[in-house]
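Got the viewer open? Keep the selection box handy, and let's walk through this one stop at a time.

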Amino acid sequence: MLKAFTLLSSTAFACCAFASAAQADKLQDVLDRGYLIAGTGSTNSPWHFKDANNELVGFDVDMLRLIAKGLFDDPEAIEFVNQSGDARIPNLATDKVDVACQFMTVTAGRAQQVEFTIPYYREGVGLMLMADGEYADYDALKAAGSDITVSVLQNVYAEEMVHAALPEANVDQYDSVDLMYQALNSGRSDAAATDQSSLRWYMTQNPNRFADAGHGWNPQSYSCAVKPGEQRWLNFVNSVLHEAMTGVEFNTYAASFEEWFGVELDPPQIGFPIEYK
């Protein structure tokens, strides 16, 4: 009797598990709906912001459109949910969005609450200079020691962050990005420490005015996120992002990268997959 009960229980459990898995097929749910529901922001260029025509644009937006194209062969088959940074995880947990792409830094703590995709961008801190300024690059800044001043957005770790790259520099903190850049423009600082993505975007918007010092540090990965437990959906989004960076959609990814960051990417190497070397 015990063997029979055990067999019956195991069979019932397997059936329940199969039914649960079938119910949790987010990929099929999205396909049946006919459009993607995507969470992102609207106020942070070059990631997600409104352009002159009040259209939502940016690198995050382009990544989401790639996912919609992969689903429906139509990058416009998408409904955007404008969300704040602190709503990214709750909106996934409550199924208000299918996926969130919103310059979300991968951390171990967040990875306990969401499933992260593969990274689609590696962020870091860089140093922006005036193109015609006294210091040509990072080596010149470092050699100047305490003669230079670096402007940075106010943060409890700001001084420590700057000194990781320029140990002797004077650090001026500002409570807005605009004031930080104004300090550089006016000569009150010799360099501005800012996100590499912001640095590149600012340079594309102001050609020949600013320069990249050529040194980056404090790396962090940006990934999209989905609700935990949706493995087939996660696999699909990962496939889209992977092939955007290394395969059939590379031209689309590269065009977006150049538009928002001003950098022309080398095409993926043909032959042995470079990511496994």
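**First stop: a small sheet and its loop**

Start by selecting Thr 43 and Phe 49: Phe 49, in S3, is the bridge partner of Thr 43. Bear in mind as you look that this is a predicted model. Now show S2 together with strand S3 (residues 48–50), and you'll see them pair in the antiparallel sense over 2 bridges. Add S4 and you have an open, antiparallel sheet of 3 strands in the order S2-S3-S4. Its edge strands are S2 (43–44) and S4 (56–57), each pairing on one side only.

Next, zoom in on Pro 46, which sits in the loop between S2 and S3. The peptide bond joining Ser 45 and Pro 46 is cis, with omega at about 5 degrees.

**Zoom out for a moment**

Show the whole protein chain as a cartoon: 10 helices and 12 strands. The C-alpha trace spans about 85 × 40 × 40 Å along its principal axes. Of the 277 residues, 42% count as buried. Take the contacts between residues at least 6 apart in sequence, and 65% of them join residues at least 24 apart.

Switch on a surface if you like. The accessible surface comes to about 14,800 Å², and carbon and sulfur atoms account for 52% of that. Coloring by charge? There are 17 positive and 38 negative charges, and their mean positions are 9 Å apart.

**Down the axis of H2**

Select residues 26–33, which make up helix H2, and pick out Lys 26, Leu 27 and Val 30, which are buried. Turn the view to look down the axis: the buried residues of H2 fall within an arc of 105 degrees, so they line one face of the helix. What covers them? Bring up strand S1 (36–40), helix H3 (59–72) and helix H9 (231–246), which are among the elements that do the covering. Before you leave, click on Gly 34, just after H2, where phi is positive at about 100 degrees.

**A serine in H10**

Jump to residues 250–261, helix H10, and select Ser 256. Is Ser 256 buried or exposed? The relative accessible area is 4%, under the 20% cut-off, so Ser 256 counts as buried. Show what is around the side chain and backbone: leaving aside neighbours within four places in sequence, Ser 256 is in contact with Phe 59, Asp 62 and Met 63.

**Strand S12 and its partners**

Now select residues 217–226, strand S12, where 7 of the 10 residues are buried. Strand S6 (residues 99–105) pairs with S12 in the antiparallel sense over 3 bridges. Strand S7 (residues 115–130) also pairs with S12 in the antiparallel sense, over 7 bridges. Center on Ala 225 in S12: Ala 100 stands opposite it, and Ala 225 is also the bridge partner of Phe 116.

**Two asparagines to finish**

Stay in strand S12 and click on Asn 218. Phi here is near 55 degrees, a positive value in a residue other than glycine. Asn 218 is partly exposed, with a relative accessible area of 37%.

Then go to Asn 208, in the loop between helix H8 (196–205) and strand S11 (210–212). Asn 208 has a positive phi too, near 70 degrees. How does its cover look? Asn 208 is exposed, with a relative accessible area of 75%.

Definitions and conventions
Residues are numbered from 1 along each chain as its sequence is written. This is a predicted model: local features need pLDDT of at least 70, side-chain atom pairs count only at pLDDT 80 or more; totals for chains, interfaces and linings use all residues. Side-chain values use heavy atoms; hydrogens and water are left out. Buried means under 20% relative accessible area, exposed over 50%, partly exposed in between (1.4 Å probe, protein chains only). Helices (H or I, at least four residues) and strands (E, at least two) are DSSP runs, numbered from the N terminus. The arc is that of the directions from the helix axis to the C-beta atoms. Contact means heavy atoms within 4.5 Å. Two strands pair if DSSP finds at least two bridges between them. Accessible areas come from the Shrake-Rupley method with a 1.4 Å probe; for residues, only the protein chains shown count as cover. Lys and Arg count as positive and Asp and Glu as negative; His and the chain ends are not counted. The place of a charge is taken as NZ of Lys, CZ of Arg, CG of Asp or CD of Glu.
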